[in-house]
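Let's take a walk through this one together, stopping at a handful of spots along the way. Have the viewer open so you can follow along.

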Amino acid sequence: MSKHHVTTTVNGDAVEFLADPRETLLDCLRDHVGLTGTKEGCGTGDCGACSVELDGTLVCSCLVLGVEANGKTVNTIEGMASGDALHPLQRKFIEHAALQCGFCTPGILVAAKALLDKNPDPTEEEVRYWLAGNLCRCTGYDKIIRAVMDAAAELREAA
Amino acid sequence: MAKDGLNTEFRLVGTRPNRPDGLDKVTGRARYGADFSLPGMLHGAVLRSPHAHAKILKIDTSKAEALDGVKAVVTRADFPEGLEGEDWNLQENTMAGDKVLYDGHAVAAVAATSKLLAEEAVRLIEVEYEVLPHVIDVDDAIKPDAPVIREGASDASVPEGMPPNVVRYMEFGRGDLEAGFAAADLVRENTYKTEATHQGYIEPHACVGQMGSDAKGEMWVCTQGQWFIRKMCCAVLGLEASQLRVTPSEIGGGFGGKTTIFMEPLSLALSRKANGRPVKIVMSRSEVLRATGPTASGSMDVKIGMKKDGTLTAARAEFRMQGGAFPGAPVDMALYCGFAPYKLDAVEHVGYDVLANRPKCAAYRAPGSPMGAFAVESLIDEMCRELGLDPVEVRMKNAVREGDQSSYGPKFGSIGLVEVLEAVKGHSNLAEPLGPNQGRGVASGYWFNHNGETSVSMSIAADGTVQVSVGTPDIGGSRASLSLMVAEHLGIPYEDVRVNVVETGSLGENEPTHGSRATFASGKAAILSTDQAIKEMCRRAANEWGIDPEAVEWADGAAQPAGPNAGKFPPMSIKEIAGKMGETGGPISGHHESLPEGVGASFGAHVVDVEVDPETGLTKILRYLVVQDAGRAIHPSYVEGQYQGGAVQGIGWALNEEYIYGEDGRLQNPIFLDYRIPVASDLPMIDTVIVEVPNPGHPYGVRGVGETGITPPLPAIASAIHQATGARLRHLPMTPQKVRAAMKAQDS
């Protein structure tokens, strides 16, 4: 199948790649752009490990075709820190031991950031429902929820 | 001081520093199985059986081979013949031979220049099957008319006349069972069933394998055990183990499911056929669920005798488990663990390992123990209710203590079950009032913990920092706990130690990270390695001071004269000694390998509060408490994490998760939408209490904390639902439909 030329912005950088029309945005990010921080856990939009922001909307990149990213802006886990400075969510995840194997972590961080951008003061229940589309099998979610709540508090203080 | 006299004053052990791999894991830099690529790499795909049981009459790969970009196709014909025992089982599971034995069984594999091409080529392979009758359920598999999965698969333990799908049989016990039951005021017997579940790690299996015509190869793979991968791949492919170098990636969860091989040998076989070009294979989620190693399912009869005061007089368990189309259901472990929390003078165990047309089971967190606990702990609770006894008091009354003979034979060393139950009794969750439709359940759980082959090296860099090479992949923070122990032992900062998980070329054989062994076994070996380096550093200092090495001791990160008679010298720090080691005798390092002795078993107890919606039968977890003996929590956050993660996996097993097969023997729920693991909105915070009864067999008292936590939730939740609804569910999972049906049955 002939490939399509895709021009997009990923984490602020102009990026071009050739995509087979059957390839997902996840495939393209990992295999063509070389950003393997976004993970595939299911390929069916059930686990959230491939969460990215596409034009500011939180999506499962396994449910978006690579060619759909043409002319759009993609933000991945690799773009979350500003230089050396980790995003408070990233820092709180380390401090709270909110990861064990770490495989779901990029997707959860991207999803949690999308929540806090919208709702800086979520309740525990709101965090739990927002992250219900992000599966973690190691932690039982306890420390993840605490880390997100703590990061939200820190961001509110800084605001 | 603890009761065993171990030191309890620590500088670092018991603190909660950031994990060394944290930054990589929150920035997306950590490299997992599928993140690795090589120049010239091909992509593999696997053709899998759509039938539960069928004869393979013919495989025609010609159309696939003719497709542009296809570089290799392999079938069983490409594998060596004549394997026996578990090697044959592994080979047969890697690639079907004469028959396919379960839905998802691999039949052929392709390597091509892209994943899409490889998948297209797989669809061009034509297989002619003769479909055979199949059997899925363990009790059906031992019926007289059940399809026979493999003639002659039974081992010598199976008495004559047993159904042909029984491949292993065991019975063991002690005491006078009849007299024990006669002495009881209440004797009850019930049957319990658990369904197969999957470990559900979020990272699918992935590897890159490379093998030339010289039979030398390399592999990069997500695994709990690189030496196991090496040994098994080589057995299946007829290779020499030392010619295959296996490097573990970061691992996205395993829980026992990544201790064995699935598609890894296929990447090597394809690579060899494709002139040594590396081949990457990444499983889809459906492949993971259909064709890796879920748990066994169990059908279990338990009979218990109890006096009016709660004293247990006798117990008997007869467990039947299927572990797929191959021997290996953990029925033995389930039997060992089931009665382990109880002091019993009369006990009998009978076990059947049964074949069924399902994937070959693998380990899953305390393999067997959750099933055994579901049966035993449920019946104990039912009897407590009947006699009006407190379930915690009954567990305390019958609790095993140090020196008691376990239900399965060996005498217990230092154990902490009584301390765990005391902590449960004192916890505020037990004082929380329960409302309508709410119930509370309590259960205990047990795991042996494990030592296993262990080889560790450490060495001191010229700047006085320390590197440690271990063979146990870090799944839940073990690099942090190992760094803490080595830094504690050396008297240096935590940050000065770097622990690396190394490839098979760097150390002797290591068993995987399994059985809750990494912090215990690699930890103990790392400390013993460090002792060698300390001895050498003391010798170097003694040489410089011109005194006897015996007169030098190590304290606070420095060699020091041992007492006033040794002479007066200022302490010589690790940095000072390391800086000069080039002139004082060369590199300073330590190495230790053994089957570390002194494993300390771990008991836990959980308390769960639930509310059941009487309309829908949906069970909501209101509160959850995990209490478990860690021996010593080296990094308490990661110990809590193990407790919480284990509990939530158990909650999933209890309430949602199961392998659902259709009449056709095909798995009906091979995606996460339908195989539903717990999500954040299903759960409350998981409260934890770390009990520390130090294990005298480890320098810092470590027992191992990973396994036990998955065990108590199954029965604890069943008991809580019983209290909430009056209905006792004896068949997992306790889905809303089943709970509602049980409530209805009670009303009528």
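Contact here means heavy atoms within 4.5 Å. Keep in mind, too, that this is a predicted model.

With that cut-off in hand, start at Thr311(B), in the loop between β13 (297-306) and β14 (312-322) of chain B. Leaving out residues up to four places away in sequence, Thr311(B) touches Gly305(B), Met306(B), Lys397(B) and Asn398(B). Its side chain also makes a polar contact, at 2.8 Å, with the side chain of Asp309(B). Is Thr311(B) buried or exposed? Neither label quite fits: its relative accessibility is 26%, so Thr311(B) counts as partly exposed. For a pairing across the sequence, look at Ala184(B): it sits 127 residues from Thr311(B) along the chain, and 8.5 Å separates their C-alpha atoms.

Next, the sheet. Chain B has an open sheet of seven strands with mixed pairing, and the order is β3-β5-β1-β12-β9-β10-β11. The edges are formed by β3 (70-74) and β11 (244-248) of chain B, each of which pairs on one side only. From one strand to the next, the twist averages 20 degrees. Zoom in on β1 (residues 42-48) and β5 (residues 106-112) of chain B: they run antiparallel and are joined by six bridges. If you want a landmark there, Arg48(B) stands opposite Ala106(B) in β5(B).

Two helices pack on this sheet. Helix α4 (residues 115-123) of chain B touches β1, β3, β5 and β12 (279-282) of chain B, and its direction makes about 30 degrees with that of β1(B). Helix α7 (residues 226-237) of chain B touches β10 (217-221) and β11 of chain B, and here the angle with the direction of β11(B) is about 145 degrees.

Stay with α7 of chain B for a moment, since Gln226(B) lies in it. Gln226(B) has a relative accessible area of 0%, so it is buried. What does its side chain reach? The backbone oxygen of Val502(B), at 2.6 Å. Setting aside neighbours within four places in sequence, Gln226(B) is in contact with several residues, among them Val246(B), Pro248(B), Gly471(B) and Thr504(B).

Now move along chain B to helix α19 (residues 713-725). This helix has 13 residues and spans 18 Å from its first C-alpha to its last, close to the 18 Å expected at 1.5 Å a residue. Because 12 of the 13 residues of α19(B) are buried, the helix is largely enclosed by the rest of the structure. What do those buried residues pack against? The partners, in chain B, are α11 (369-387), β16 (438-447), β24 (602-612), β25 (619-629), α18 and α20 (736-747). Just after α19(B), Gly726(B) takes a positive phi of about 80 degrees. Carry on into the loop between α19 and α20 of chain B and you find Pro733(B). A cis peptide bond joins Leu732(B) to Pro733(B), with omega at about -10 degrees.

That brings us to backbone geometry. Most residues other than glycine have a negative phi, and most peptide bonds are trans. Asn275(B), though not a glycine, has a positive phi of about 55 degrees. Its place is the loop between α8 (264-273) and β12 of chain B, and at 75% relative accessibility Asn275(B) counts as exposed. Asp556(B) is another non-glycine residue with a positive phi, near 55 degrees. Asp556(B) sits in the loop between β20 (552-555) and β21 (558-561) of chain B and is exposed, with a relative accessible area of 73%.

Finally, over to chain A, which is divided into domain 1 (4-79) and domain 2 (88-158). The centres of these two domains of chain A, taken over C-alpha atoms, are 22 Å apart. Across the divide, 14 residues of domain 1 of chain A are in contact with 13 residues of domain 2 of chain A.

Helix α2 (residues 88-95) of chain A is mostly covered, with six of its eight residues buried. Those buried residues pack against α3 (105-118) and α5 (142-158) of chain A, together with α1 (22-27) and α18 (636-655) of chain B. Just after α2(A) comes Ala97(A), with a positive phi of about 55 degrees.

Note on methods:
Residues numbered from 1 in each chain as written. Chains lettered and ligands numbered in written order. Predicted model: local features only at pLDDT ≥ 70, side-chain atom pairs only at ≥ 80, totals over all residues. Heavy atoms only, no water. Buried < 20%, exposed > 50% of the residue type's maximum accessible area, 1.4 Å probe, protein only. Helix = DSSP H or I, 4+ residues; strand = E, 2+ residues; numbered from the N terminus. Expected span 1.5 Å × (residues − 1). Pairing = 2+ DSSP bridges. Axes fitted to C-alpha atoms, helices over the stretch in contact; angles between N-to-C directions. Polar contact = N/O pair within 3.5 Å; in protein donor to acceptor, adjacent residues only side chain to side chain. Domains from an automatic or database assignment.
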